[in-house]
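Please open the model in the viewer and keep the selection panel at hand. The tour proceeds by selections, each followed by a description of what is found there.

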Amino acid sequence: MTTGTSESEAHQHLLRSGKACIIGAGISGLTAAKALKDHGLPYDHFELGSDLGGLWRFDNDNDRSAAYRTLHINSSKHNMELEDFPMPEEFPVFGHHAEVLRYFEAYADAFDLTSGITFNTGVEHADRVDPDTWRVRLTTGEVREYGAVLVATGHHWNPRWPDFPGSFDGRVLHSHAYREPEDFAGDRVLVVGIGNSACDIIVDLCRVAGQVTLSTRSSAWVLPKYVLGHPLDQWTNPYMEYLPVGVRRALFKLLVWMSVGDQERYGLPKPDHDLMEEHPTISQELLSQIGHGRVAVRPNIDRLDGATVHFEDGASEVFDAIIYATGYDIAFPFLPDDLFSVENNRVRLYRYVVPPEMPGLYFLGLIQPLGAVMPLVEKQAKWVAELLAGQVAVPSVEAMEGEIDAALTAMQNRYTASPRHTIQVDFWNYMHEMEREMRRGAKRAERMNLEPAAGSRAVVQEA
């Protein structure tokens with residue numbers, strides 16, 4: 001077992017750098033700030049908007065939030081609560097976005113995080129000057145230097161738009177801009193997509209719109225929030241994810257069949273993929289609304305022609321509005337492409353956090369879990385803080401690249417090919433993976449005989 005040479009030394013140089021820079025004050029940024037604070041590590045924290053909360057602040061003035069007025073969490077409170085700040089008893093099982101925001105605000109207040117945030121200030125550019133230093137230009141024009149940059153800007157802010165032949169004369173928007181159903185009262189609305197946001201919006205609209213139609217290319221497995229009186233995610237546990245995917249799939253199919261039966265009987269086509277081959281769609285009401293005739297289902301769009309939309313089954317209808325619930329593109333406009341690039345939503349990150357060749361740069365919350373993201377982000381933040389304090393070390397660049405290749409291959413083998421399935425993780429598998437990484441990282445750091453200090457990311461060359 002030997003310590004690496006040039007790359008390892010470059011990482012060790014960061015020991016002498018000063019502060020870390022945290023970008024974004026959603027839950028990823030807040031947990032990062034707390035973790036650094038717990039380790040006595042200095043940092044500057046920037047938020048483009050005027051307040052904290054990120055996605056969960058309705059009409060956030062940073063223009064990054066996709067929250068709509070009726071948004072509720074899809075993960076139960078038992079699975080989304082943070083390890084360091086348990087949910088209050090009075091919090092509903094599936095809370096409203098305003099209640100989630102109050103929880104985050106209470107978290108920030110409990111650990112005195114808000115005073116450390118510089119609001120109304122974003123990062124325009126961040127670049128690595130040398131192995132020790134990152135130069136950051138703020139939206140104020142000020143330039144500062146840091147030993148590390150923690151990116152906590154989320155991945156649900158840059159809408160992905162489909163490209164259909166023709167043009168549509170009516171109102172067109174992405175689900176990111178949707179806020180409340182009353183804006184479409186009496187309208188004939190087509191919603192394109194069948195993910196969680198699409199289904200929430202459809203259920204919202206069918207109570208006030210004149211007509212609501214769902215267009216889906218491949219359909220989806222629609223799972224209820226409750227199964228036999230228990231929240232869906234309470235049927236998973238740390239041991240279940242040790243089971244092979246095929247066994248888990250069979251168990252969940254049984255649970256879903258016992259709860260809702262065959263979704264084709266409601267009028268939703270059978271998906272062209274198996275359960276757990278795409279990110280699940282969770283809705284307690286969609287199938288019922290389809291069954292009641294309040295929502296029509298159509299295949300993918302073939303072409304647009306004025307107010308008329310032609311579908312691939314040969315049918316055509318006239319609409320007043322189209323809402324594209326077609327997902328998001330991962331982007332970091334403040335990072336140069338030659339420093340860190342994203343191709344078709346694919347990112348090469350060790351444990352979805354660390355770019356192997358780029359010491360001092362970390363990404364938090366860049367995962368799409370089957371379950372709640374909040375506890376996983378908290379675990380990521382604690383790991384990064386330990387890395388910056390020199391208490392843990394990452395393996396060699398070659399070992400990290402190998403782990404990334406293995407994770408990408410496993411994802412390709414399990415999920416359908418889509419930009420939507422590039423950062424998927426299973427909740428408990430990833431939690432255990434991070435805990436193992438922290439234990440192994442502590443042993444690596446011990447072998448390296450490094451003293452803990454701010455700004456480091458130690459690396460050990462493993463045989």
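Is Met276 buried or exposed? The model is a predicted one, and in it Met276 has a relative accessibility of 13%. Because the cut-off for a buried residue is under 20%, Met276 counts as buried. Its place is in the loop between helix H6 and strand E15 (281-282). Display the backbone torsions there: phi of Met276 is about 75°, a positive value although the residue is not a glycine. Most residues other than glycine have a negative phi.

**A second positive phi**

Select Asn120 next, in the loop between strand E3 (117-118) and strand E4. Asn120 also has a positive phi, near 55°, and is not a glycine. Its relative accessible area is 52%, so Asn120 is exposed, whereas Met276 is buried.

**The sheet E4-E5-E6**

From Asn120, continue into E4, the strand at the end of that loop. E4 belongs to an open sheet of 3 strands in the order E4-E5-E6, paired in the antiparallel sense. Strand E4 (123-130) and strand E6 (143-146) are the edges; each has a single partner strand, so one side of each has no neighbour in the sheet. From one strand to the next, the twist averages 25°. Now select E4 together with strand E5 (residues 133-138): 6 bridges connect this antiparallel pair. To inspect one position, pick Ala126, whose bridge partner in E5 is Val136.

**The nonpolar cores**

Turn to the interior. In soluble globular proteins, nonpolar side chains tend to be buried together. The largest nonpolar core here has 125 residues, and those with the most contacts inside it are Leu150, Leu205, Leu361 and Trp383. Select helix H8 (residues 374-388) as well, since H8 gives this core its largest share, 8 residues. A second core, separate from it, has 11 residues, including Phe164, Phe168, Ile301 and Phe311.

**Strands around the second core**

Which strand holds Phe311? Phe311 is in strand E18 (residues 308-311), and it is buried, with a relative accessible area of 3%. Add Ile301 to the selection: Ile301 and Phe311 are 10 residues apart in sequence, yet their C-alpha atoms are 4.4 Å apart in space.

Next, select strand E17 (residues 301-306) with strand E8 (residues 166-168); the two run parallel and are joined by 3 bridges. Within this pair, Gly166 stands opposite Leu304 in E17. E17 also pairs with E18, here in the antiparallel sense and over 4 bridges. Asp305 stands opposite Thr308 in E18. The connection from E17 to E18 is a hairpin through 1 residue.

**A nonpolar patch on the surface**

For the last stop, switch on the molecular surface and select Leu228, Leu254, Trp257 and Met258. These residues form a nonpolar patch on the surface, and their accessible area together is about 450 Å². Met258 lies in helix H6 (residues 245-260), and its relative accessibility of 42% is why it counts as partly exposed. The tour thus returns to H6, the helix that precedes the loop of Met276.

Key
Residues are numbered from 1 along each chain as its sequence is written. This is a predicted model: local features need pLDDT of at least 70, side-chain atom pairs count only at pLDDT 80 or more; totals for chains, interfaces and linings use all residues. Side-chain values use heavy atoms; hydrogens and water are left out. Patches are made of residues with over 30% relative accessible area and no salt bridge: like charges are joined within 9 Å, nonpolar side chains (Val, Leu, Ile, Met, Phe, Trp, Tyr) within 5 Å. Accessible areas come from the Shrake-Rupley method with a 1.4 Å probe; for residues, only the protein chains shown count as cover. A salt bridge is a side-chain nitrogen of Lys or Arg within 4 Å of a carboxyl oxygen of Asp or Glu. Buried means under 20% relative accessible area, exposed over 50%, partly exposed in between (1.4 Å probe, protein chains only). Two strands pair if DSSP finds at least two bridges between them. Axes are lines fitted to C-alpha atoms, for helices over the stretch in contact, and angles run from 0 to 180 degrees between N-to-C directions. A nonpolar core is a set of buried Ala, Val, Leu, Ile, Met, Phe, Trp, Tyr and Cys residues joined through side-chain atoms within 4.5 Å.
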